[in-house]
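Open the model in your viewer and keep the selection tool ready. Each stop tells you what to select and what is there.

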Amino acid sequence: MEKIILTGDRPTGKLHLGHYVGSLKRRVELQNSGEFDKIFVMIADAQALTDNADNPEKVRQNIIEVALDYLSVGIDPSKTTIFIQSMVPELTELAFYYMNLVTVSRVQRNPTVKTEIKMRNFEQSIPVGFFCYPVSQASDITAFKATTVPVGEDQAPMIELTREIVNRFNNIYGDTLVEPEILLPENAACLRLPGTDGKAKMSKSLGNCIYLSDTAKEMAKKVKGMYTDPLHLNISDPGHLEGNCPFIYLDAFCNDGHFAKYLPDYKNLQELKDHYTRGGLGDGTVKKFLINVLDEELVPIRERRKQWEQDIPAVYEILKKGSEEAREVAAKTLHEVREAMKINYFDDAELIKQHSEKYSSVK
């Protein structure tokens, strides 16, 4: 069996550091590992419309932003198929069939759906499209027979639902679909990077993001304003690490080499943490170090983005070609699904022959 990756993002804004450590960086590593036969990365515009139906322009404008972010982090269109979800209509048809295999109560129990509904104030009026988007995700994954789905921790319930749909489909109609495995970030700090305000999750809607496209000046300003330890009022005060954003970000991004370059008084992050917790280390020093660490990571990303921004038609051509390739693959899977469900009427020569013989014998 081929090893295939499917992953993607909603184009509701530019991508941020949470996306980067949670999935983007890993995608590039997997792309360049040579371990996978095919990699598909989807710009999920149809899914984004489930809670932005009244503002399609927002989704439309952000498709190019997400594409630029993909290319800037190192996703290579010669190795990875980048496509737009709505340009592959076969995905919608698959989702329609899968809806018959999932109950309303099962979707309601999905913790990610619960969280998203609450965050968007949909408790009283949930759009049907939004409510069913976990089923849509299952169609995205299975259409490409993905064996691996690299995502953040919050998406684990979605992959579990996909696995349930695959098993139910195969039990009813015969082995057709591939059951995917989830691939979580290896660094625990990358599972869910908090926002700069200390909130549990970096979110575009909360305005607490550091974007991959931010300038060095914008990034530094956001780091300087990060939530730290509210009890650490004086440098001499002992500091607390729990919920302290700069230290959480350092857990995700820094290594011993960074200390040799930017903060040689310390050998590693543990020494820095020890000094902070016993007192005598100011938040400003920690934040300045973090700015240097992040800048080292983001400089090449910014430079690649500037290059691609100079040739937007080429970016759209990459998306067009990728969407055509993706549609070809999804169409093949849809054909197999229709055949398994016995709704391929015009291709079923045996069915036509059977009915021909039945009614010819009536004479």
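Start with the largest nonpolar core, which has 58 residues. A nonpolar core is a set of buried Ala, Val, Leu, Ile, Met, Phe, Trp, Tyr and Cys residues joined through side-chain atoms within 4.5 Å. Buried means under 20% relative accessible area, exposed means over 50%, and partly exposed is in between (1.4 Å probe, protein chains only). Select Leu17, Tyr249, Leu250, Phe253 and Leu272: these touch the most other members of that core. Now focus on Leu17. Leaving aside neighbours within four places in sequence, Leu17 is in contact (heavy atoms within 4.5 Å) with Leu193, Met202, Ile210, Leu212, Tyr249, Phe253, Leu294 and Leu298. Apart from the largest core lies another core, of 37 residues. To find this other core, select Phe40, Tyr98, Cys132 and Ala330, which are among its members. In soluble globular proteins, nonpolar side chains tend to be buried together.

A word on what you are viewing. This is a predicted model, in which local features need pLDDT of at least 70 and side-chain atom pairs count only at pLDDT 80 or more, while totals for chains, interfaces and linings use all residues. Residues are numbered from 1 along each chain as its sequence is written, and side-chain values use heavy atoms, with hydrogens and water left out.

**The strands**

Select residues 4-9, which form strand 1. Helices (H or I, at least four residues) and strands (E, at least two) are DSSP runs, numbered from the N terminus. Five of the six residues of strand 1 are buried, so the strand is largely enclosed by the rest of the structure.

Add residues 38-43, strand 2. Strands 1 and 2 run parallel and are joined by six bridges. Two strands pair if DSSP finds at least two bridges between them. Which residue of strand 2 stands opposite Leu6? Look for Phe40. Phe40 is also one of the members of the 37-residue core. Strand 2 is mostly covered too, with five of its six residues buried.

Next, add residues 17-33, helix 1. Together with strands 1 and 2, helix 1 makes a right-handed β-α-β unit. Right-handed means that, with the strands pointing away from the viewer, the path from the first strand over the helix to the second runs clockwise. Rotate the view and trace that path.

Then select residues 81-84, strand 3. Strand 3 pairs with strand 2 in the parallel sense over four bridges. Here Ile43 stands opposite Ile84.

**Helix 9**

Select residues 156-173. Helix 9 has 18 residues and reaches 26 Å from its first C-alpha to its last, close to the 26 Å expected (1.5 Å times one less than the number of residues). Its buried residues include Pro157, Ile165 and Phe169. Gly174 follows helix 9, with a positive phi near 105°.

**His232 in its loop**

Select His232, in the loop between helix 10 (216-224) and helix 11 (245-253). Is His232 buried or exposed? At 7% relative accessibility, it counts as buried. Its side chain makes a polar contact with the side chain of Tyr276 (3.3 Å). A polar contact is a pair of N or O atoms within 3.5 Å; within protein, one must be able to donate a hydrogen and the other to accept it, and residues adjacent in sequence count only if both atoms are side-chain atoms. The side chain of His232 also reaches the backbone oxygen of Asp237 at 3.1 Å.

**Last stop: Lys342**

Select Lys342, in the loop between helix 15 (312-340) and helix 16 (349-360). Lys342 is exposed, with a relative accessible area of 64%. Its phi is positive, near 60°, in a residue other than glycine.
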